[in-house]
Amino acid sequence: MPRANVETPERPDDAPGRRDVEYWLGVYKSIEEVPTRYRLETFESQFRDQDTWGDYLATRDDLAEPTKKNSWHPCGDRFKRFMREEVGRHHALARPDDIESYLQHIRDGGYSIKVTERSYNTVYYQHLSPLKTFFSWLVHHVDYPHIYDPVLMAAHSGGITRKLWYWQTDYKPEYSERDE
């Protein structure tokens, strides 16, 4: 059956595109906008002794085992350690500033005895990318109370997370924009 003739308004030129972090943000743009009762740290008792990262990785059949072993498991181990030792909170209950601090720590060579500074490529693909998909999974999974994504909020706020976000989108142009 044909659709009714519905006019769709033109998108303003300054509207965020799908490569912009603002395109993906939900209702809340910062942690300050989230009502206290919905902030993730209020759910600490529900997550005690839970390996949420492990639960998430168990659902990722699309990842090759070497990718899981060499990138995603180490990222999870480091992030859980950072959240436990530096923040004092469960890894699934991160705030945007925790994401920012973790990525800066990793960029500065944190948890490495050999590296003093990591490249944007390494920090994005081995740390930010897994965290992005982890928190997106939590937001879209009915068994978890996540109604906002701290990674997106961190990227919206600025700092290393935003730099990495736009480094990746500039690095990987859309197929229609690529030279053949």
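**Helix packing and core of a predicted model**

Colleague: Which residues does leucine 103 touch, not counting residues up to four places away in sequence?

Modeller: This is a predicted model, in which local features need pLDDT of at least 70 and side-chain atom pairs count only at pLDDT 80 or more, while totals for chains, interfaces and linings use all residues. Residues are numbered from 1 along each chain as its sequence is written, and side-chain values use heavy atoms, with hydrogens and water left out. Contact means heavy atoms within 4.5 Å. With residues up to four places away in sequence set aside, leucine 103 touches Val123, His127, Leu128, Leu131, Ile160, Thr161 and Leu164.

Colleague: Which element gives the most residues to the largest nonpolar core?

Modeller: A nonpolar core is a set of buried Ala, Val, Leu, Ile, Met, Phe, Trp, Tyr and Cys residues joined through side-chain atoms within 4.5 Å, where buried means under 20% relative accessible area, exposed over 50% and partly exposed in between (1.4 Å probe, protein chains only). The largest such core has 41 residues, and Phe79, Ile99, Tyr102, Leu103, Leu131 and Phe135 have the most contacts inside it. Two or more residues come from each of α3 (52-58), α4, α5, α6, α7 (150-157) and α8 (159-171). The element that gives the most, with eight residues, is α6.

Colleague: How are α4 and α6 oriented to each other?

Modeller: Helices are DSSP runs (H or I, at least four residues), numbered from the N terminus; axes are lines fitted to C-alpha atoms over the stretch in contact, and angles run from 0 to 180 degrees between N-to-C directions. Helix α4 (residues 65-87) and helix α6 (residues 120-139) pack at about 80°, with axes 9 Å apart. Angles under 35 degrees count as roughly parallel, over 145 as roughly antiparallel, 65 to 115 as roughly perpendicular and the rest as oblique. The two helices, α4 and α6, are therefore roughly perpendicular.

Colleague: Is alanine 94 buried or exposed?

Modeller: Alanine 94 lies in the loop between α4 and α5 (96-107). Not counting residues up to four places away in sequence, alanine 94 touches Leu40, Phe79, Met83, Ile99, Phe135 and Pro150. Because its relative accessibility is 0%, alanine 94 counts as buried.

Colleague: Where in the protein chain is confidence highest?

Modeller: Confidence is given as pLDDT, the predictor's value for each residue from 0 to 100. The chain has a mean of 85, and 85% of its residues reach 70 or more. Confidence is lowest in helix α1 (residues 21-24), at a mean of 81, and highest, at 96, in α5.
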